[in-house]
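Dear colleague,

I am handing over the structure below, which you have not worked with before. Please look through it first, and then read the notes that follow it.

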Amino acid sequence: MVNEQQRLVYRLFRSLEGAGVLDHVVLIGSWCLLAYKHYFAGIPFEPGIRTRDIDLLVPTPLRLKQPIDIEQVLGPLGFVLRRGGEKGYMQFVHAELMLEFIVPERGRGSEKPYDLRALGINAQPLRFMDFLCKDVLRLPFGGLEVSVPHPARFALLKLIVSGRRQKPVKRENDLRQAGLVIRALVASGQQKTLREAFAAMPKKWQGDVRRALIALPDGETWGKGFME
Amino acid sequence: MFLKDMLKEELANSRRIKADVEDALRKLPPGALVRKKVGGRVYCYLAERKAGKVAFAYLGKLPAAEIRRYEEAKQRRADYRRQIRDLKGQIRYLEKATRGE
């Protein structure tokens with residue numbers, strides 16, 4: 001059953017498509033799980049709890065035919081612009097959702113917001129995002145097609161990020177989501193895809209994945225399927 | 001424990017979003033546009049509640065863009081009020097679920 005929150009997400013994507021932005025963003029974070037339901041059709045896959053956070057990754061450099069004012073696109077949907085913290089990261093909030101734009105952080109990185117002038121917003125640079133962008137699928141989502149990272153990359157990244165979380169609740173949520181997706185990938189015979197995604201990671205990240213898997217029930221057993 | 005922590009996080013989010021939406025509501029241009037037809041011509045007034053009474057301020061003939069601006073503000077005001085009502089409900093529920101923490 002589609003609830004109020006989901007309806008708003010679908011309206012959001014329809015508006016982004018209408019503005020010509022949808023093809024330039026990748027849905028990341030827990031809302032991907034809803035799209036993965038189609039990918040894992042026929043396999044028990046229940047996404048479970050989703051928070052209000054919805055993150056859209058903008059692979060850079062962004063090439064738009066003409067500038068688009070995101071605030072103008074989101075305003076009519078009831079989103080309110082919030083500038084968070086000292087750095088002034090832009091976030092669009094609504095009673096049902098908190099939308100943030102993310103860009104891949106490259107090189108030495110910077111804590112400053114990344115200026116996405118073509119969209120009239122700034123975005124938060126985050127590590128590992130290029131890893132997600134390298135294997136993207138188009139999946140049905142609320143009557144549209146949206147770009148999402150391949151589930152194997154999504155799950156592995158969740159494992160890495162879980163080890164860096166300050167809040168236990170976030171860490172546990174990451175591990176739950178990673179476990180759910182890995183279980184579905186194994187059930188659908190996709191150990192090879194997991195193995196390839198794991199092999200594409202730098203050694204340090206692989207170490208982080210190994211450590212995180214220990215915290216998952218059956219994690220070590222699954223790990224044997226793709227880490228060796 | 002996991003669920004309760006998540007609910008606490010959501011409670012904090014609801015409170016912050018409510019403050020943001022209330023702030024946005026305050027920033028909207030006040031009043032509602034009223035169009036009156038006098039002698040076949042349409043004139044605009046700004047209806048505003050002042051000290052419990054509705055007062056009409058004459059605006060005259062307005063360009064279409066200005067009329068659209070007032071209409072958008074009206075729509076947003078209704079939307080923000082609905083969101084604030086929903087957020088109050090969320091906060092009440094989450095406060096109960098987390099025992100008012």
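**What was found**

After helix 6 of chain A comes A:Gly189, which has a positive phi, near 70 degrees. Please keep in mind throughout that this is a predicted model.

Helix 6 itself covers residues 168–187 of chain A, and because each residue should add 1.5 Å, its 20 residues should span 28 Å, which agrees with the 28 Å between its end C-alpha atoms. A number of residues in this helix of chain A are buried, among them A:Val169, A:Asn173, A:Asp174, A:Leu175 and A:Gln177, and also A:Ile182, A:Ala184 and A:Leu185.

Turning to chain A as a whole, the domain assignment divides it into domain 1, residues 1–149, and domain 2, residues 150–228. The contact between them takes 24 residues from domain 1 of chain A and 23 residues from domain 2 of chain A, while the C-alpha centres of the two domains lie 22 Å apart.

The largest nonpolar core has 79 residues, and those with the most contacts inside it are A:Phe13, A:Leu27, A:Tyr36, A:Phe141, A:Leu156, A:Leu159 and A:Val209. Both domains of chain A take part in this core, since at least three of its residues are drawn from each of domain 1 and domain 2. A second core, separate from that one, has 12 residues and includes A:Val93 from chain A together with B:Leu28, B:Ala73 and B:Tyr80 from chain B. To return to one residue of the largest core, A:Leu156 touches A:Phe131, A:Leu194, A:Ala197, A:Phe198, A:Met201, A:Val209 and A:Phe226, where residues up to four places away in sequence are not counted.

In chain B there is an open sheet of 3 strands, in the order 1-2-3 and with antiparallel pairing. Its edge strands are strand 1 (32–38) and strand 3 (53–60) of chain B, each of which pairs on one side only, and from one strand to the next the twist averages 35 degrees. Strand 1 of chain B is joined by 7 bridges to strand 2, residues 41–50 of chain B, and the two run antiparallel. Within this pairing B:Arg35 stands opposite B:Cys44, which belongs to strand 2 of chain B.

Finally, helix 2 of chain B, residues 64–97, lies across strand 1, strand 2 and strand 3 of chain B, and runs at about 130 degrees to strand 1 of chain B.

With kind regards

Key: Residues are numbered from 1 along each chain as its sequence is written. Chains are lettered from A and ligands numbered from 1 in the order in which they are written. This is a predicted model: local features need pLDDT of at least 70, side-chain atom pairs count only at pLDDT 80 or more; totals for chains, interfaces and linings use all residues. Side-chain values use heavy atoms; hydrogens and water are left out. Two strands pair if DSSP finds at least two bridges between them. Helices (H or I, at least four residues) and strands (E, at least two) are DSSP runs, numbered from the N terminus. Axes are lines fitted to C-alpha atoms, for helices over the stretch in contact, and angles run from 0 to 180 degrees between N-to-C directions. Contact means heavy atoms within 4.5 Å. The expected span of a helix is 1.5 Å times one less than its number of residues. Buried means under 20% relative accessible area, exposed over 50%, partly exposed in between (1.4 Å probe, protein chains only). A nonpolar core is a set of buried Ala, Val, Leu, Ile, Met, Phe, Trp, Tyr and Cys residues joined through side-chain atoms within 4.5 Å. Domain bounds come from an automatic or database domain assignment.
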